[in-house]
Amino acid sequence: MITNVIIVFAMALISCKGNQNEDRKVYSVKVPEPVIEVPVSYIMGQFDPTTHKDFTIIPRQYADRDSMYMRKDAFNDFVRMYEVAFKDSINLVIRSAARNFDYQKGIWERKWNGTTILSDGVNAATDIQDPKERALKILEYSSMPSTSRHHWGTDIDLNSFNNGWFEEGEGLKLYNWMLGHAHEYGYCQPYTEKGSERPEGYNEEKWHWSYTPVSKPLLQLAAKELKNEMIKGFLGHEQATTIDVVSKYVLGINHQCK
Ligand SMILES: [Zn+2]
C-alpha cells in the first residue's frame, strides 16, 4: 500500500512595493510552493536521486566533489545561506547530500563486514560478535538503510566529518555562524549533543544539517508509517526491530528540528 504525505507550505509572502497613492505599482508575490506527495518508499530511499524530478545536481562550487544531488527546494535555500555566509567569510562546503537505499546499504554493509574500519579504529566484524552490539556500534554514526535522513534529499553534511574541527578556529567560526543563522534559511542540526534533551539516537554530528520545511513533514510521515519490520534487505537488518531503530534513531533528534 502506498501512503502519501502532503506537504503544504503555508507561508505565502506578499510584499508591496508601492504606497497607497500609486495604484499601478508592481507587487512582488511569492506564491506558495506546490503540494508535494511522496510514498513511504521515498523516505526509505527507494528511488534514484539522479533522475527524480524534485532533485538537482549540486554544482561543484558548493561541494567538494561532483555528482552529488539534493532536493531543489533545499538547494535553493542552501544557496541563499551560502551567499550570505560567504560575505561573512564563511565557506560552506557540502561533503555529502542525498544517498539512496543502495548507497546507504553499501556504507552499512562495509562497516558490518569489516571492510570499513570505524572512526575509532574498531573492526565491527571481528571485534564485536554479538549482532545487536555490532549494530549499536555502527549506529553511533551511520544509519541503517531505509532510515537515513540522507534518503530524503533534505539533509547535508558540511565541511568536516570530525566534531573537533568545528570546535576551534575556522570550524568553530563556521559552526557558530550556522547556530546563529541556519534557521533563517530553514536549516537545523538534528544530531545535537546527547543528554537530557536528546537521550537517544546517533552521536552528535556538528556537520549534519537538515532543511526542515520539508524534513519536518517527512519525519511526521516516518513517525506514522515507518515500522521496524519494514527495514530489511541488508546484513544485520534483524536488529532494527530488536533495537527499535525507528523510535530511538529516526525519531531521536533535536526537538527543534521536529
Ligand atoms: Zn549526515
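How many residues does helix 3 have, and what span does it reach from its first C-alpha to its last? In this predicted model, helix 3 covers residues 101-112 and has twelve residues. The helix reaches 16 Å from its first C-alpha to its last, close to the 16 Å expected at 1.5 Å a residue. Its buried residues are Q104, K105, W108, K111 and W112. Seen down the axis of helix 3, these buried residues fall within an arc of 135°, so they line one face of the helix. An α-helix has 3.6 residues a turn, so residues three or four places apart point the same way. The buried residues of helix 3 pack against two helices, helix 4 (124-127) and helix 5 (131-138). Helix 3 is followed by G114, and the phi of this glycine is positive, near 85°.

The protein chain as a whole contains nine helices and ten strands. Of its 258 residues, 34% are buried. Contacts between residues at least 6 apart in sequence were also examined; 69% of them join residues at least 24 apart. The average pLDDT of the chain is 91, and 88% of the residues score at least 70. Over residues 1-18, however, the pLDDT is below 50. Beyond near neighbours in sequence, this stretch has 32 contacts in the model. Where pLDDT is low, the predicted coordinates should not be read in detail.

Four strands form an open sheet in the order 7-8-10-9, with antiparallel pairing. Strand 7 and strand 9 (187-188) are the edge strands, and each pairs on one side only. The pairing can be followed across the sheet. Strand 7 (residues 94-96) pairs with strand 8 over two bridges, in the antiparallel sense. Here S96 stands opposite D157 of strand 8. Strand 8 in turn pairs with strand 10 (residues 208-211), again in the antiparallel sense, over three bridges. In this pair D155 of strand 8 faces S210 as its opposite residue in strand 10. Strand 10 is joined to strand 9 by two bridges, also antiparallel. Y187 stands opposite Y211 of strand 10.

Two helices are associated with this part of the fold. Helix 7 (residues 212-225) lies across strand 8, strand 9 and strand 10. Helix 7 runs at about 85° to strand 10. Helix 2 (residues 72-87) has 16 residues. It reaches 23 Å from its first C-alpha to its last, close to the 22 Å expected at 1.5 Å a residue. The buried residues of helix 2 are D73, A74, F75, F78 and M81. They pack against strand 5, strand 6, strand 9, strand 10 and helix 7. Both strand 9 and strand 10 of the open sheet are thus among the packing partners of helix 2. Just after helix 2, S89 takes a positive phi of about 65°.

Positive phi values also occur in loops. Most residues other than glycine have a negative phi, and most peptide bonds are trans. S67 departs from this pattern, with a positive phi near 65°. S67 lies in the loop between strand 5 (55-57) and strand 6 (69-71). The residue is exposed, because 9 other C-beta atoms lie within 10 Å and the limit for exposure is 12 or fewer. N159 likewise has a positive phi near 65° and is a residue other than glycine. N159 is placed in the loop between strand 8 (155-158) and helix 6 (169-181). Is N159 buried or exposed? N159 is buried, because 21 other C-beta atoms lie within 10 Å and burial requires 20 or more.

A further contrast in burial is given by T242. This residue is found in helix 8 (residues 239-243). With 13 C-beta neighbours inside 10 Å, T242 counts as partly exposed. The C-alpha atoms of T242 and K132 are separated by 7.5 Å, although the two residues are 110 residues apart along the chain.

How values were computed:
Residues are numbered from 1 along each chain as its sequence is written. This is a predicted model: local features need pLDDT of at least 70, side-chain atom pairs count only at pLDDT 80 or more; totals for chains, interfaces and linings use all residues. Two residues are in contact if their C-beta atoms, placed from the backbone, lie within 7 Å. Two strands pair if DSSP finds at least two bridges between them. Axes are lines fitted to C-alpha atoms, for helices over the stretch in contact, and angles run from 0 to 180 degrees between N-to-C directions. The expected span of a helix is 1.5 Å times one less than its number of residues. The arc is that of the directions from the helix axis to the C-beta atoms. pLDDT is the predictor's confidence in each residue, from 0 to 100.
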